[in-house]
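Here is a brisk tour of one protein chain. Look at the whole fold, then follow the text from a helix pair to single residues.

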Amino acid sequence: MASGKILTLLIVATLLALLGAWVVARSYRSSMKRLMKMPLVERSTATGQPAAAESPVPATAPAALTLADNRRAYRRLLVSFLTLTLVIALTRTLITQVIADGPITLKTVATLGAAYAWPVLPVLAVIGRWSRPRFVGAMLGWFVLAVLLLTWRTNENVSFAMVFKWMLFDTGLPLVVVTALCLGGATRAVGPWLAPLFVLLSGSSILGVDLLAAAFDAGSTISHAFINFFGGIGALVAAALLPWLVAWWPARALGRWLAQAYRQRRISELFYLFTAVWIIALIGPALGAIADLGWSALVCFLPLLWIPLGANLMQRFAAPAIAGRPPTLLVLRVFQQDANVQELFDHVIERWRLTGNTVLIAGTDLVERTIDADDIFTFIDGRLGERFIHTPADIPRRLAEFEWLPDVEGRYRVNECYCHDTTWQQALAALVRASDVVLMDLRNFVAQNEGCLHELRVLATTPGLARVVVLMNEKTQMPAAQAAIAEATATAPAGRFVWLAQQGEVPPATENVLTPLFVAAERR
């Protein structure tokens, strides 16, 4: 396939992945709302207190981790990906210089390696949950700085225009593709998983159009009849779309394989994104070399071999062994307060995931933060309803499916219970018994949020909880919650509840929220 067709394939697949991500995320939310309201269980059976066997209690004590442990885990994660990126970028530089018969000096390798290291930015953006302006600014800033650095470090025979033109082809298009895939919440969460499927489907479209053109040039009567039937433009559209009837099946199989690999922890969100970005980044040099090397241009993808090695080293040596199991955090919140809970997830829960597990009741407010490959392709297969807890008897099965082990980079996953309006109270009781600490967001609480009052009562009376951190703000209607709060503070063990008040519109600092959650360390 010619370089132009590969570029077309990349652009078309990216646009389709963006559109597909938006459609999937929107449809996923709609399906969740519909399924949550389905009365699959009579409300008379929803007592809110499942049987003891349905509420597992952790068998061992949680590890006595501290905020300092969390900080070290955060630094290890950043340093690990930065180091791996540098190794891959330097390897790419060496291969590129050998192919181009260019100089291999410390100055050249260091300069080009720095310019080629941009693929680490999307991973850092996911880890830190960067805002859209910050992410776009970082990607654009890296490109500008790389052009300026290369212009400064090259000789006088190479002009700024020459460097800019070369970087625009080599790095500019991949950078734009990656930025588009990672820009929005839905596209960042869903788009990268759909991209390989649309690459396959788009490839089949290009093949279909090429076959029609070849048949027409050969004077095929079938091609002439095809064009006469559909018309000129219609024939091109049909030749592009009809192959999807065949290509959909391997694409669907690929999606299911990705879901299974994610479910079995053979791939993680961060390493999948990291690998995908590097594949896109290496397409530029491969296309530049394909005219001279042919299929041998695939050597440009050899730096990818560092990724499984780096993942293995990260898993073996990055995180120190801990005495005890990782602590489990239950997240509760006022529903339909999307902005608040998304900000809390981005800055607090993402940090917590470096040292402990997270469980919660699924809701549409966090779809873009918690949806994963298994969720995406289960939904595409039309099996999202199977995730829901229909009766209290389903709770042990759902909790048994939770993933408690960390991914290869050391981050723990977020486990969710999908509940109907008639089963969430039973699921809540089970999740509370399986948790060590709770983070409850009562900001903007109003009297109509009766579910939050029920949650407070459960948190006050369930044995075994070490700490409940409750966030409030000036809009929290305290009088409406006074009865539940009085009950909680009267019956709960001393020190169980910690109340954090947000002043004004500025959310509390991340570490101010994290510190009281590491309660096990306080008891050493």
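## A helix pair

Helices H2 and H11 are roughly parallel to each other, because an angle under 35 degrees counts as roughly parallel. The angle between H2, residues 67–100, and H11, residues 269–293, is about 10°. Their axes lie 12 Å apart. This is a predicted model, so keep that in mind as you read.

Which residues make the contact between H2 and H11? From H2 come Leu 77, Phe 81, Leu 84, Thr 85, Ile 88, Ala 89, Arg 92, Thr 96 and Ile 99. From H11 come Leu 270, Phe 271, Phe 274, Trp 278, Ala 281, Leu 282, Pro 285, Ala 289 and Leu 293. Sort the residues of this contact by type, and you get 15 nonpolar, two polar and one charged.

## The whole chain

Now step back. The protein chain has 21 helices and seven strands. Its radius of gyration is 26 Å, close to the 24 Å that the globule rule gives for 524 residues, so the chain is as compact as a globular protein of that length. Along its principal axes, the C-alpha trace spans about 80 × 60 × 40 Å.

How much of the chain is buried? Of the 524 residues, 51% count as buried. The accessible surface comes to about 24000 Å². Carbon and sulfur atoms hold 65% of that surface.

Contacts also link distant parts of the sequence. Take the contacts with a separation of 6 or more: 83% of them join residues 24 or more positions apart.

## Five buried residues

Next, some single residues. Each one in the table is buried, because its relative accessible area is under 20%.

| Residue | Where it is found | Relative accessible area |
|---|---|---|
| Thr 179 | helix H6 (residues 160–182) | 12% |
| Arg 129 | loop between helix H4 (120–128) and helix H5 (132–153) | 10% |
| Asn 444 | loop between strand S5 (437–441) and helix H18 (450–461) | 16% |
| Thr 423 | loop between strand S4 (414–419) and helix H17 (424–433) | 1% |
| Ser 268 | loop between helix H10 (244–263) and H11 | 2% |

Start with Thr 179, in helix H6. What does Thr 179 contact, leaving aside its neighbours within four places in sequence? The partners are Phe 135, Val 136 and Met 139.

Ser 268 sits in the loop between H10 and H11. Not counting residues up to four places away in sequence, Ser 268 touches Tyr 262, Asp 407, Val 408 and Glu 409.

Thr 423 offers a lesson in distance. How far apart are Thr 423 and Leu 287 in sequence and in space? They are 136 residues apart in sequence. In space they are 55 Å apart, C-alpha to C-alpha.

## Two positive phi angles

Most residues other than glycine have a negative phi. Two loop residues go the other way.

Arg 129 has a positive phi of about 50°, although it is not a glycine. Find Arg 129 in the loop between H4 and H5. Asn 444 has a positive phi of about 65°, and it is not a glycine either. Look for Asn 444 in the loop between S5 and H18. Is Asn 444 buried or exposed? Asn 444 is buried, at 16% relative accessible area. Arg 129 is buried as well, at 10%.

Terms used. Residues are numbered from 1 along each chain as its sequence is written. This is a predicted model: local features need pLDDT of at least 70, side-chain atom pairs count only at pLDDT 80 or more; totals for chains, interfaces and linings use all residues. Side-chain values use heavy atoms; hydrogens and water are left out. Axes are lines fitted to C-alpha atoms, for helices over the stretch in contact, and angles run from 0 to 180 degrees between N-to-C directions. Helices (H or I, at least four residues) and strands (E, at least two) are DSSP runs, numbered from the N terminus. Angles under 35 degrees count as roughly parallel, over 145 as roughly antiparallel, 65 to 115 as roughly perpendicular and the rest as oblique. Contact means heavy atoms within 4.5 Å. Ala, Val, Leu, Ile, Met, Phe, Trp, Tyr, Cys and Pro count as nonpolar, Asp, Glu, Lys and Arg as charged, and the others, Gly among them, as polar. The radius of gyration is taken over C-alpha atoms; the globule rule is 2.2 Å times the number of residues to the power 0.38. Buried means under 20% relative accessible area, exposed over 50%, partly exposed in between (1.4 Å probe, protein chains only). Accessible areas come from the Shrake-Rupley method with a 1.4 Å probe; for residues, only the protein chains shown count as cover.
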